[in-house]
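Hi,

Here is the structure I promised to pass on. Have a look at it first, and my notes on charges and salt bridges follow underneath.

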Amino acid sequence: MDRSQPILSRLMRVIETRKTDRPSGSYTTALLDGGTPQITLKVREEAEELIEAATDMGCSSPRFVIHEAADLFYHTLVLLAACGVSFDDVEAELESRFGLSGLEEKERRKG
């Protein structure tokens, strides 16, 4: 694996491979086999765990916050793959918003 690429891009490539190859014993394969309903449940669970890590501990345990954020990123990438959305498209969307005020971007979506 080419470590010169950002980790989220490399991880997305692995997930996309699991989507087509479906190796047995792969957690990603099991998630994809469960379909969007199972994956969205995991995304919700991981988001809640990240929120708990940040609020219950008052961010006093960065390691726990990091762990939960990584879990959320991974499950979000699996959801993107299940929905046929490329990570490149999400990056392009973020790029198009970069430098915009969040309030301005939100107002754009209304129009």
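A salt bridge here is a side-chain nitrogen of Lys or Arg within 4 Å of a carboxyl oxygen of Asp or Glu. By that rule the count comes to 4 salt bridges.

Before the details, a word on where this comes from. This is a predicted model, where local features need pLDDT of at least 70, side-chain atom pairs count only at pLDDT 80 or more, and totals for chains, interfaces and linings use all residues. Residues are numbered from 1 along each chain as its sequence is written, and side-chain values use heavy atoms, with hydrogens and water left out.

The overall picture: the protein has 5 helices and 0 strands (DSSP runs numbered from the N terminus, H or I of at least four residues for helices, E of at least two for strands). Its C-alpha trace spans about 45 × 35 × 35 Å along the principal axes. Of the 111 residues, 25% are buried; buried means under 20% relative accessible area, exposed over 50%, and partly exposed in between, with a 1.4 Å probe and protein chains only.

Now the salt bridges. Arg22 sits in the loop between helix H1 (7-21) and helix H2 (27-55), and has a positive phi of about 50° although it is not a glycine. The side chain of Arg22 meets that of Asp33 in a salt bridge (3.1 Å, N to O). Asp33 lies in helix H2 and Arg22 in the loop between H1 and H2, so this pair ties together parts that are 11 residues apart in sequence. Asp33 counts as exposed at 52% relative accessibility, while Arg22 is partly exposed at 36%.

Further along H2, Glu45 pairs with Lys42, with the closest N and O atoms 3.0 Å apart. These two are 3 residues apart in the helix, so about one helical turn separates them. Lys42 is buried, at 18% relative accessible area, whereas Glu45 is partly exposed at 33%.

In helix H4, Arg97 and Glu93 are 4 residues apart, which means about one helical turn lies between them. Their salt bridge has its closest N and O atoms 2.9 Å apart. Arg97 is partly exposed at 30% relative accessible area, and so is Glu93 at 37%. Back in the earlier group, salt bridges that share partners join Lys42, Glu45 and Glu46 into one network.

Shout if anything is unclear.

Cheers
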